[in-house]
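Hi everyone, thanks for making the time. I'd like to walk you through one model today, so please have the viewer open and follow along.

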Amino acid sequence: MTDAATSHAELVSGLIGDRADAWDVAGELPRDLLVKLGASGVLCAQVGPEHGGIGLDSRAGGELTARVGARCSSLRSVMTSQGMAAWTVRRLGGAEQWGAFLPRLTSGDLAAVGFSEPGAGSDLSAMETEIADDGTEVIVTGRKVWITAAHYADLLVVFGKYRGGATAVVVPARAPGVRITRVANPLGCRAAGHADITLDAVRVPADHVLGGTGLPLPLATTAALTYGRMSVAWGCVGILRACLDAAAAHTATREQSGRVLAEHQLVARHLTELYVAERHATRACEHASASWDTGSPDMAVDAVHAKYVASREAAEGAARAVQLLASAAASDGHVVARAYRDAKLMEVIEGTSEICQLILAQHIRKPAQHTRRKVQP
């Protein structure tokens, strides 16, 4: 981890302290904490210094994300949301929009990104939200569901249909016609501010439409989803590290039949599998970040691979940690109980495990179609 990433990781660790479990139980993160972290650049760490950010590359940003994810997945989820918003502005917007919105995201304003709808979850082609031209303004109408950090957001980056294609528009969260309704009792990342958003003919300036034109839907959404998948994957590495630390500490001190648990072979097997899971997820994330940082054409599929591997390993690893700690991890307020719920949610968000499998399978087939040899008679 770079010196900048290390110093920011230490800042976050100090601010979190031992409060993450209480935040999870209460279902709320302190807004002053989020604003402070936003103003420090931590929430979207890959934004460059020219826009007030700290300019980390994907590898350093990923390690920072893992450090936060090990302490509090709800806070890491807000980081993912803020980073996705900034990356969407950067990829789809123009220079004037970078100057208008990116400094807000590195100075304390909070953002959420709206993809999913009641009838468009994994299948974003079913998206119904409309962004309609109306002179110097656009009118945004639609509904988004399960939007991370929307409860805290000042700005909403909303994807919708536009000019025969799709794009994203930046909507002030308090604009007339916007209604944000908190999701009650989410399974995981309880303090991440998940909410549903209703947009009832919301008017915003036309220059809030990123890029100002309609794009093919996959092109419009892939940029944000790729960033989100990378962030979730590194966050899962953090979950695994937290589980491994808790399991190692517990089994090194708890005795059973005259020996500490770690000396029992079946327990040692679980610990080994948990360690291997953390290593497996970390290597997948490191590979994906290398693709990102070098501009590899495989960047998007490597991010899908990392997210699939890391979320699967986190869900299985957290279950192993629960098994190892038994009743000690079976109640709210324990890091492993929190990890168990949070990790399962990671297999769903930013593309379910099944969607990831389909994308990876398509990637396998594409080169095969070009390299398939003719069978000689």
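Let's begin in the interior. This is a predicted model, and its largest nonpolar core has 74 residues, of which Phe-115 and Phe-159 touch the most other members. Helix H7 supplies the largest share of that core, with 17 residues. There is also a second, separate core of 26 residues, which includes Leu-33, Ala-45, Leu-75 and Val-78.

Now, please click on Phe-115. Which residues does Phe-115 contact, once we leave aside its neighbours within four places in sequence? Its partners are Met-84, Ala-120, Leu-124, Met-127, Lys-144, Ile-147, Phe-159, Thr-221, Ala-224 and Leu-225. So that you can find them on screen, I'll pause on Phe-159 in that list, as it is the other residue I named for the largest core.

Next, take Ser-116. Ser-116 sits in the loop that runs between strand S1 (111-114) and strand S2 (130-134). Is Ser-116 buried, exposed or partly exposed? Its relative accessible area is 26%, and because buried means under 20% and exposed means over 50%, Ser-116 counts as partly exposed. Not counting residues up to four places away in sequence, Ser-116 touches Gly-121, Arg-143, Lys-144, Val-145 and Ile-147. If you like distances, try Ser-116 to Leu-105: they are eleven residues apart in sequence, and C-alpha to C-alpha they are 22 Å apart in space.

Let's turn to helix H7 itself, residues 217-253. H7 packs against helix H9, residues 299-325, at an angle of about 25°, and their axes are 8 Å apart. Angles under 35 degrees count as roughly parallel, and H7 and H9 are therefore roughly parallel to each other. Their crossing is left-handed. What kinds of residues make up the contact of H7 with H9? By class, there are 20 nonpolar, six polar and three charged residues.

One more stop on H7, and that is Ser-231. Ser-231 has 7% relative accessibility, so it counts as buried. Beyond its neighbours within four places in sequence, Ser-231 is in contact with Thr-65, Arg-76 and Thr-80.

Follow that contact across to Thr-65, which is placed in helix H4, residues 58-71. Thr-65 is buried as well, at 7% relative accessibility. Setting aside residues up to four places away in sequence, Thr-65 touches Arg-76, Met-79, Ser-231, Trp-234 and Gly-235. Arg-76, then, is a contact of Thr-65 and also of Ser-231.

That's my tour; over to you.

Note on methods
Residues are numbered from 1 along each chain as its sequence is written. This is a predicted model: local features need pLDDT of at least 70, side-chain atom pairs count only at pLDDT 80 or more; totals for chains, interfaces and linings use all residues. Side-chain values use heavy atoms; hydrogens and water are left out. Axes are lines fitted to C-alpha atoms, for helices over the stretch in contact, and angles run from 0 to 180 degrees between N-to-C directions. Helices (H or I, at least four residues) and strands (E, at least two) are DSSP runs, numbered from the N terminus. Angles under 35 degrees count as roughly parallel, over 145 as roughly antiparallel, 65 to 115 as roughly perpendicular and the rest as oblique. A crossing is left-handed if the near helix is turned anticlockwise from the far one by less than a right angle, and right-handed if clockwise. Ala, Val, Leu, Ile, Met, Phe, Trp, Tyr, Cys and Pro count as nonpolar, Asp, Glu, Lys and Arg as charged, and the others, Gly among them, as polar. A nonpolar core is a set of buried Ala, Val, Leu, Ile, Met, Phe, Trp, Tyr and Cys residues joined through side-chain atoms within 4.5 Å. Buried means under 20% relative accessible area, exposed over 50%, partly exposed in between (1.4 Å probe, protein chains only). Contact means heavy atoms within 4.5 Å.
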